[in-house]
Amino acid sequence: MSSREELKSKVCDEIEARADGIIGVAQAILKTPEPGFRETRTSRLVADKFSELGIEHRGGLAITGVKGMVRGGAEGPTVAVLGELDSLIVPAHPEADSKRGAAHACGHHAQIGTLIGVATGLIGSGVLPFLSGRVAFIAVPAEEYIEIEFREGLRKKGKISFLGGKPELIRLGEFDDIDMAIITHTAASAVMRGRLIGTGGTSNGCLAKQIRFIGRGAHAGGAPHAGINALNAATIALSAIHAQRETFKDADTIRVHPIITKGGEVVNIVPDDVRMETFVRGKTLEAIKDANEKVDRALRAGALAVGGSVEINTLPGYLPMTSDRNLQAVYRANAVSLVGKSKVVPPGRHGTGSTDMGDVSHIMPAIHPYAAGATGTSHGIDYLIEDYRLAVLNPAKIMAMTVIDLLADGAMKGKEVIGKHKPLMTKQEYLDLMESMRKKEEYQG
Ligand SMILES: [Zn+2]
């Protein structure tokens, strides 16, 4: 029987020995960016890597997801290590593809490298027989909640039910056999201020909205009085949303950030079909609900002012993230052992973005730490991985060591984490909550 420390050093040695191949996976995916639910090539690459490693796996989950499973030498709980498959769409990014402008401007390609790194380390080092339980490796589709119209189309065709990958995998039952879930996201070195690992904290949840102002087309020069200008309705609605901002409480960290996805047809016709999308984000579900009602009011005001109408399609987004403290402590200890205490961000930060790891965190112990190694601004044209060792190898080693802590010694630690965790809701309560957020309204002004 090897000690946990011996197992950990074997796994880290294995990851180090295979470093080039592991980093190569991330770099290959950088060159084939694919937005959510379209990650076919990325998904195939993951499946091929799983096959090479001898991991039993299934693909086509929530369209492109891949889930592999390996077993330890004895029975025990199941830890899932996650990686996100999808890119963003940032046409001006230096690594954007020429067709759709897809680009890895959030570093998810590094996450897949990390996922393969954890699998490579745990399998290649031969430590699995010393573990009690199972490790699931899940490549998850569509973390970025984008292309709402396209995804609503998939939903209408019955291909998905939720517009994010993890909610969809939860619905499909792919988390039913998982007891704990971990992931590591990349972060820009400037944000990390010299530190290499952040263990994560809480983050905003969100609702998504698809909005369509309907007016009446007319000659924009000859007879604008005969039209109803849907773009004017939209701009009034945008101003009305801004007028709500002074009512948002700082503690609720509300973020409302609409975009116009269609502003009209041609310049000499009064716009009669103007479309917007927005998120309504906040720290708690109550705060999101409150802000959302204000946004709806503002949207109706736009339609009312011009005498047009508005269709408001509100969709469930992501739930606020809560990190399991005990699971976080295990990860943190391993981060400290790898990079040193001074290089690990103290826990407790609240992020105002959203992640569907928040959804997972409502039904089981989950964490969403960060690893440095990127440069630029997240989601910006300059977000690039500058140090793949930091962005891929460090989190792979820390997550593999975390798995060992959880499942070694008869999975004592893993069982303790599960035992101490009080889930915020059951899967069914989660699904009911998500369904309750759907709302379709047609308002005639
Ligand atoms: Zn991301």
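This report walks through a predicted model of a protein chain, going from its overall build to a handful of individual residues.

## The whole chain

Let's start with the big picture. The protein chain has 445 residues, and a compact globule of that length would have a radius of gyration near 22 Å. The chain comes in at 23 Å, which agrees with that expectation. Measured out along its principal axes, the C-alpha trace spans about 85 × 45 × 40 Å. As for secondary structure, you'll find 13 helices and 21 strands in the chain.

How much of the chain is tucked away? Of the 445 residues, 57% count as buried. Contacts tend to bridge long stretches of sequence, too: among those between residues at least 6 apart, 80% join residues at least 24 apart.

## Surface and charge

The accessible surface of the protein chain adds up to about 17600 Å². Carbon and sulfur atoms account for 52% of that area.

On the charge side, the chain carries 53 positive and 52 negative charges. Take the mean position of each set, and the two points turn out to be 2 Å apart.

## T42, a buried threonine

Now for some individual residues. T42 sits in helix α3, which runs over residues 40–52. Its relative accessible area is 1%, so T42 counts as buried, given that the cut-off for buried is under 20%.

What does T42 touch? Leaving out residues up to four places away in sequence, T42 meets I29, T32, E34 and L85. With E34 there is also a polar contact, side chain to side chain, at 2.5 Å.

## Two residues with positive phi

Here's a bit of backbone background: most residues other than glycine have a negative phi. A62 goes the other way, with a phi near 50 degrees even though it isn't a glycine. You can find A62 in the loop between β1 (56–61) and β2 (65–71). Is this loop residue buried or exposed? A62 is buried, with a relative accessible area of 4%.

D409 is another non-glycine residue with a positive phi, again near 50 degrees. This one belongs to a helix, namely α12 (residues 388–420). At 37% relative accessibility, D409 counts as partly exposed.

## R275 in strand β14

R275 is part of strand β14, which covers residues 273–282. It counts as partly exposed because its relative accessibility is 23%, and partly exposed takes in whatever lies between the 20% and 50% cut-offs.

This arginine has plenty of company. Setting aside neighbours within four places in sequence, R275 is in contact with E149, I211, R212, I259, I260, T261 and K262. The side chain of R275 also makes a polar contact of 2.7 Å with the side chain of D273. For a sense of how the sequence folds back, look at V310: it is 35 residues from R275 in sequence, while their C-alpha atoms are 9.5 Å apart in space.

## R300 in helix α9

Another arginine to look up is R300, in helix α9 (residues 285–306). Its relative accessible area is 22%, which makes R300 partly exposed.

Which residues does R300 contact, beyond its neighbours within four places in sequence? They are V310, K439, E441 and Y443. With E441, the side chains are joined by a polar contact of 2.5 Å. I312 is 12 residues from R300 along the sequence, and the C-alpha atoms of the pair are 9.0 Å apart.

## Two loop residues

G348 lies in the loop between β16 (344–345) and β17 (350–351). With 64% relative accessibility, G348 counts as exposed, since that label applies over 50%. Its C-alpha atom is separated by 11 Å from that of D324, which is 24 residues away along the chain.

Finally, T426 is in the loop between α12 and α13 (427–436). T426 is partly exposed, with a relative accessible area of 41%. How far is T426 from E14, C-alpha to C-alpha? The two atoms are separated by 38 Å, with these positions 412 residues apart along the chain.

Methods
Residues numbered from 1 in each chain as written. Predicted model: local features only at pLDDT ≥ 70, side-chain atom pairs only at ≥ 80, totals over all residues. Heavy atoms only, no water. Helix = DSSP H or I, 4+ residues; strand = E, 2+ residues; numbered from the N terminus. Buried < 20%, exposed > 50% of the residue type's maximum accessible area, 1.4 Å probe, protein only. Polar contact = N/O pair within 3.5 Å; in protein donor to acceptor, adjacent residues only side chain to side chain. Contact = heavy atoms within 4.5 Å. Rg over C-alpha atoms; globule rule 2.2 N^0.38 Å. Areas by Shrake-Rupley, 256 points an atom, 1.4 Å probe, with all protein chains shown as cover. Lys, Arg positive; Asp, Glu negative; His and termini not counted. Charge placed at Lys NZ, Arg CZ, Asp CG, Glu CD.
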